[in-house]
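Colleague: I should like to learn how to read a structural model step by step. May we take one feature at a time, beginning with a single residue?

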Amino acid sequence: MSCAESLTGGELAAQLSGPPGSSEVFLGGVVAYATEVKRQVLGVTAEQVVSAACAEQLASGVRDLLGSDWSLATTGVAGPTEQEGRPVGTVFVGVAGPDGASAHLLHLDGDRAQVRAATCRAAVHLLAQALRQEGGER
């Protein structure tokens, strides 16, 4: 497991590495807050960074970089103002696994801290859902 974070700024990695025994499954993460880091370190080519394409590319990029089986990525607008014409609370979570990457659009309410916390919760939920599907539990 690995993660690439933009709007969550390391909060997702902190949650993934928090539980006892997490070192058995969590390899690490990249906080790619600046667009240049997204592009140079993780190979993002998406024109807009607040997009499904960016979330997928972040997830795939960190998965490849760290050699993990699964990865999560977060990108979006936590506030206080819009970005790339997207309102606060527009979030994309990328999930990459053995069969490729997908992105999930979220519309979240709240202030900056609430949007970031809700994004982390949603990302972990989406990973659990993907793992259940991979295991054949539908």
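Modeller: Certainly. Please bear in mind that this is a predicted model. Let us begin with Ser22, which lies in the loop between α1 and β2 (28-31).

Colleague: Is Ser22 buried or exposed?

Modeller: The relative accessible area decides this, and a residue is called buried when that value is under 20%. For Ser22 the value is 10%, so Ser22 counts as buried.

Colleague: Which backbone atom does the side chain of Ser22 reach?

Modeller: The side chain of Ser22 comes to 3.0 Å from the backbone oxygen of Pro19. If neighbours within four places in sequence are set aside, Ser22 is in contact with Leu16 and Ser17.

Colleague: Let us turn to the strands. How do the side chains of β1 point?

Modeller: In strand β1 (residues 2-5), Ser2 and Ala4 point one way, whereas Cys3 and Glu5 point the other way. All four of these residues are buried.

Colleague: Where do the side chains of β2 point, and which are buried?

Modeller: The side chains alternate along β2 as well. Gly28 and Val30 point to one face and are buried, while Gly29 and Val31 point to the other face and are not buried.

Colleague: How many bridges join β1 to β2, and how many join β1 to β3?

Modeller: Four bridges join β1 to β2, and these strands run parallel. Four bridges also join β1 to β3, again with the strands parallel. Ala4 illustrates both pairings: its bridge partner in β2 is Val30, and its bridge partner in β3 is Ala73.

Colleague: What handedness has the unit made by β1, α1 and β2?

Modeller: Together, β1, α1 and β2 form a right-handed β-α-β unit.

Colleague: Finally, how far apart are the end C-alpha atoms of helix α4, and what span should one expect?

Modeller: The expectation rests on 1.5 Å a residue, so the 23 residues of α4 (residues 112-134) should span 33 Å. The end C-alpha atoms are 33 Å apart, which agrees. At the start of α4, a side-chain oxygen of Asp111 comes to within 3.2 Å of the backbone nitrogen of Ala113.

Colleague: Which residues of α4 are buried, and what covers them?

Modeller: Among the buried residues of α4 are Val115, Cys120, Leu126 and Leu127. The elements covering the buried residues of α4 include α1 (11-17), β3 (71-76), β4 (90-97) and β5 (100-107).

Notes: Residues numbered from 1 in each chain as written. Predicted model: local features only at pLDDT ≥ 70, side-chain atom pairs only at ≥ 80, totals over all residues. Heavy atoms only, no water. Helix = DSSP H or I, 4+ residues; strand = E, 2+ residues; numbered from the N terminus. Expected span 1.5 Å × (residues − 1). Buried < 20%, exposed > 50% of the residue type's maximum accessible area, 1.4 Å probe, protein only. Contact = heavy atoms within 4.5 Å. Polar contact = N/O pair within 3.5 Å; in protein donor to acceptor, adjacent residues only side chain to side chain. Pairing = 2+ DSSP bridges. Right-handed = clockwise from strand over helix to strand, strands pointing away.
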